[in-house]
Amino acid sequence: MTRTATFETLAGDHGCGCLPAPAELDPGTVADIMQARAIAGGLEEFGIGPARWSAAYDREAAAVVLRVDTSRGLYALVIPAPGQPFPVRHRGGYVGALDCRRAYDTADSYIGALFAAFLRDRAALDIPGLDVCPTPRNVV
């Protein structure tokens, strides 16, 4: 690389010149990413902010996944085809599925709540204010 090279020469068809530019996403994948982000928005209520999740296409799962960083590592909620249940992966393997299917009438906030409950049940998520055991002092 010389100082006299133009940006177009360096970048070519590969963006910055160091990595190939990503291929255009098909509309279905874009819709799946939007749904994963909407589900993640519902996780904010359970203490999972934007710094703890990411949504992207996963080649291994061959689908869009919503990854959540927990105390027990990364959990991934796979966005399935319509009519299918939402599988959950941990350390590359299948660990279960949510008790709902991807349908047009299933709210993203409901899926987020089910995913948070799934994580809580596996001791991977502490829900602030809700994971308090009642004691004789605070029971009416």
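In this predicted model, the charged end of Arg122 sits over the ring of Phe118, at 3.5 Å from the centre of that ring. The chain that holds this pair contains three helices and five strands, and when it is read along the sequence these elements follow the pattern α-α-β-β-β-β-β-α. Of the 140 residues in the chain, 33% are buried, and the points below take up the sheet, the helices that pack on it, the core and a few single residues.

**The sheet**

- The five strands form an open sheet in the order 1-2-3-4-5, and the pairing within the sheet is antiparallel.
- Strand 1 (53-58) and strand 5 (93-101) stand at the edges of the sheet with a single partner strand each, so one side of each of them is left without a neighbour in the sheet.
- From one strand to the next, the twist averages 25 degrees.
- Strand 1 pairs with strand 2 (residues 63-70) in the antiparallel sense, and this pairing runs over six bridges; within it, Ala56 stands opposite Val65 of strand 2.
- Strand 2 is also joined to strand 3 by six bridges, and these two strands run antiparallel, with Asp69 having Leu74 in strand 3 as its bridge partner.
- Strand 2 and strand 3 form a hairpin that has two residues between the strands, whereas the hairpin of strand 1 and strand 2 has four residues between its strands.
- Six of the eight residues of strand 2 are buried, and strand 2 is therefore largely enclosed by the rest of the structure.

**Helices that pack on the sheet**

- Helix 2 (residues 27-43) packs on the sheet, where it touches strand 1, strand 2, strand 3 (73-78) and strand 4 (85-90), and the direction of helix 2 makes about 25 degrees with that of strand 2.
- Helix 3 (residues 108-121) packs on the sheet as well, touching strand 2, strand 3, strand 4 and strand 5, and the direction of helix 3 makes about 140 degrees with that of strand 5.
- Ala31 belongs to helix 2, and it counts as partly exposed because its relative accessibility is 38%, which lies between the 20% limit for buried and the 50% limit for exposed.
- Ala31 and Val64 are 33 residues apart in sequence, and their C-alpha atoms are 9.6 Å apart in space.

**The nonpolar core**

- The largest nonpolar core has 26 residues, and those with the most contacts inside it are Leu66, Leu77, Phe86, Leu98, Phe115 and Leu119.
- At least two residues of this core come from each of helix 2, strand 2, strand 3, strand 4, strand 5 and helix 3, and the largest share, six residues, is supplied by helix 3.
- When residues up to four places away in sequence are not counted, Leu119 touches Ile48, Val68, Thr70, Tyr75, Ala124 and Leu125.
- Among the contacts in the chain with a separation of 6 or more, 33% are made by residues that are 24 or more positions apart.

**The segment after helix 3**

- Ala124 has its place in the segment after helix 3, and it counts as buried because its relative accessibility is 2%.
- Leaving out residues up to four places away in sequence, Ala124 touches Thr70, Ser71, Arg72, Tyr75 and Leu119.
- Ala124 and Gly73 are 51 residues apart along the chain, and the separation between their C-alpha atoms is 8.0 Å.

**Loop residues with a positive phi**

- Most residues other than glycine have a negative phi.
- Ala62, which lies in the loop between strand 1 and strand 2, has a positive phi of about 55 degrees although it is not a glycine.
- Ala62 is exposed, because its relative accessible area of 53% is over the limit of 50%.
- Arg91, which is found in the loop between strand 4 and strand 5, also has a positive phi of about 55 degrees without being a glycine.
- Arg91 counts as exposed because its relative accessibility is 73%.

Technical notes
Residues numbered from 1 in each chain as written. Predicted model: local features only at pLDDT ≥ 70, side-chain atom pairs only at ≥ 80, totals over all residues. Heavy atoms only, no water. Lys NZ or Arg CZ within 6 Å of the ring centre and 35° of its normal. Pairing = 2+ DSSP bridges. Axes fitted to C-alpha atoms, helices over the stretch in contact; angles between N-to-C directions. Contact = heavy atoms within 4.5 Å. Core = buried A, V, L, I, M, F, W, Y, C linked by side-chain atoms within 4.5 Å. Buried < 20%, exposed > 50% of the residue type's maximum accessible area, 1.4 Å probe, protein only.
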